[in-house]
Structure formats: C-alpha cells, structure tokens
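Open your viewer and bring up the structure below. We will go from stop to stop, selecting residues as we go.

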Amino acid sequence: MPLLEVEDVRVHFRIREGLRGRVVLRAVDGVSLTLERGESVGLVGESGSGKTTLGSALLGLVPLDAGRVRFDGSDVSALSGAGLRRFREQAQMIFQDPMGSLNPRMPVGAAIAEILTVHGTVPRRARAARVRALLESVGLDGGYADRYPHEFSGGQRQRIGIARALAVEPALLIADEPVSALDVSVQVQILNLMKDLQKELGLAYLFIAHDLAVVRYVCDRVLVMYLGRIIESAATDRLFGRPSHPYTRALLSAVPDVAKGLRARREGTTRIVLEGDVPAPTAEIGGCAFHPRCPRAEPVCAQAPPPVVEVAPGHTSVCHFARDG
Ligand code: SF4
C-alpha cells in the first residue's frame, strides 16, 4: 500500500475579479499521485502552477473541493480528533523560510521542545536531551539550543526547520522550495543532509521546487505541473533523458546541472523560450491548457483536451502528440 494516495484532488477558490464578478480560480484541478514509503518525488513547474496549494491541501491546510487523500490507507479528509493529530505527526512541512515558523524571541531549543510538548511524544524530563539529539541529527551543535534564530545563518536556520519537522518522527516531509533562498554551496549541503536523513529514517519526500536541477539531485521520480494539473510524470533519469511533453522540454532546456555546481546549462540542448507567463488559473482555455504557449501546437490542441498517454512503463504525458517523440 502506498504511503500517500491522492485521487482527483481539486482546490478551487471563488474570487472577485473586476467586471467579471466572481470567478473560479482552479489552483489544483484534478491531481492524482502516489508516494511510496522512503520515496522522493519532485513536483516542479513555474510559479503559479499550483504546486504549493497542492502541497498544503495534502496536509489538510487548505480544504479540498473534490477528491480524496489517503495516508497509510486512511482517508485523511475524514479524520478528526486523535486520528487527525496522528496524521499531522506523520506528515510534516518544511518551508522556504524557516524564520516564518520560528519565534524570534524564543531560543531554537525551546521552539523544538514546544513541538514535543504539543504532541506529547517525549516525557518532559527527556525533552532537553531529545532537542540536543535533533540539533545534532541535522549537523548542528547540541549546545546551540539556547541561541535565538537571528544568531544563525540561512542554512543553519533551514537545518533548525528540518529538526523541528523531525521532532515528531514523521514518515512524510513535504518540502516547499526548501533551498531556493540559499546560496548554491549551502543548497548542496542542505540537499545532502536531506538525502542522508531520508536513508537513515526511511522518510518519503514530496519535494516542491521550480528548480529542476535541485529536484534531479534529490528525487526518484518527477511530476511536472502546469495550471493545476500534472502534465508529465516519470522516473527522474527517464524524465531528464527522454522528456515527452513540450512544456517539460522547455523547462529542461534551461535547467542548470547540479553535478556541475548548479550553475552550468545542460550540454547539447537548445533553449526553448516559452512566450509569456503561466496564464491566470481563472482563464477559460479550451483544449490543451498549454496550447497558447506551446511551440508544438496544432489546431486540434485548441479544440480537444489531450489524453493521458503512457509513453513508456511509468512514464505518462498529457499531450496529443506524446507518442510522436
Ligand atoms: Fe502542445 Fe498540443 Fe501537446 Fe498541448 S496537446 S502540449 S498544445 S502539442
């Protein structure tokens, strides 16, 4: 049984937009995915693709309009009381800015101990030792527990954010752009820490990022999201080696390579420049949602929604021409 099963999840917001009155913003529009224990899955796409809303919805932080989320076999949307508390221990989030979840007037050790107190997982007399052990597990000195957030660098603060997330011994971490605010050399250190922790603790990651190089470095599989939908899904090597969807190809043509220091462009690729930004999720686009920007579009693309095509085992692409290579 997968650790996480997501079935046709939709998150729509009703907003007021000028003369159009109330319109529906389809932030997530029919996403299905699975995540196994110990697996690392990347969720990529441009800003506005719905990645963060999806991550929040999976943790119950944003209500679903439709669909189902199962965690360890239980329907999470139907949970309450002790069941919901247990789920919230098992599934934690790591944010881009760990300062947002740290009280600047509280020593970091107290901030970690607070989590242990809320969840009641560690007896009071054992909490100080557990806080030290958590700090050490993320490569920090246990004695830093008495320091305040402003005394740490960005990378150290992200380590503290990870330590807080680990405090309740989760099985799943949803990491939302966890290294995008850090310098390149620090990014690699944090990514290596996350890989080590995954091996040691058997964690599953849903790794949300706009930077494909980061996802390539960490993830077993990659899901590409566009306007609230998954438009391509494949094992990481396959996706980077044989991308099928024109949107993925455009993203990859600009990807830097972690192995070359997160700075170098992929060799042998011609950059495909996409016109314009991701349209607003309120836009009514017939056929394929990507057709106004797609360099490969044909008349049929504006008329009929493309099917989900399995181009190879475990590799799907939502495009009328997915089989054409
Ligand atoms: Fe491009 Fe058409 Fe494929 Fe959509 S269906 S990605 S518009 S070629």
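## A short tour

Start by selecting aspartate 72, which lies in the loop between β4 (66-71) and β5 (74-75). Keep in mind that the model is predicted. Check the backbone here: phi of aspartate 72 is near 55°, a positive value in a residue other than glycine. Most residues other than glycine have a negative phi. Now turn on the surface: aspartate 72 is partly exposed, because its relative accessible area of 39% falls between the 20% and 50% cut-offs.

Next, select glutamate 169, in the loop between α5 (154-166) and β7 (172-176). Its phi is positive too, near 50°. Is glutamate 169 buried or exposed? Its relative accessibility is 58%, over the 50% cut-off, so glutamate 169 counts as exposed.

Now move to the ligand, which sits in the largest cavity. To show what surrounds the ligand, select His245, Pro246, Cys288, Phe290, His291, Cys294, Arg296, Ala297, Cys301, Cys319, His320 and Phe321. Colour this shell by class and you will find eight nonpolar residues, three polar and one charged.

Stay with two cysteines of that shell, Cys288 and Cys294. Cysteine 288 has a relative accessible area of 13%, which is under 20%, so cysteine 288 is buried. Cysteine 294, at 17% relative accessibility, counts as buried for the same reason: the value is under 20%.

One last thing to look for is disulfides. How many does a search of the whole structure find? The search finds zero.

Methods:
Residues are numbered from 1 along each chain as its sequence is written. This is a predicted model: local features need pLDDT of at least 70, side-chain atom pairs count only at pLDDT 80 or more; totals for chains, interfaces and linings use all residues. Side-chain values use heavy atoms; hydrogens and water are left out. A residue is near a molecule or strand if one of its heavy atoms lies within 4 Å of it. On a 1 Å grid over the protein atoms alone, a cavity is a set of points where a 1.4 Å probe fits but cannot get out, and a pocket is an open set with protein on both sides within 12 Å along at least five of seven lines; lining residues have an atom within 4 Å of a point. A molecule sits in a cavity or pocket if more than half of its atoms lie within 2 Å of its grid points. Ala, Val, Leu, Ile, Met, Phe, Trp, Tyr, Cys and Pro count as nonpolar, Asp, Glu, Lys and Arg as charged, and the others, Gly among them, as polar. Helices (H or I, at least four residues) and strands (E, at least two) are DSSP runs, numbered from the N terminus. Buried means under 20% relative accessible area, exposed over 50%, partly exposed in between (1.4 Å probe, protein chains only). A disulfide is a pair of cysteine sulfur atoms within 2.5 Å.
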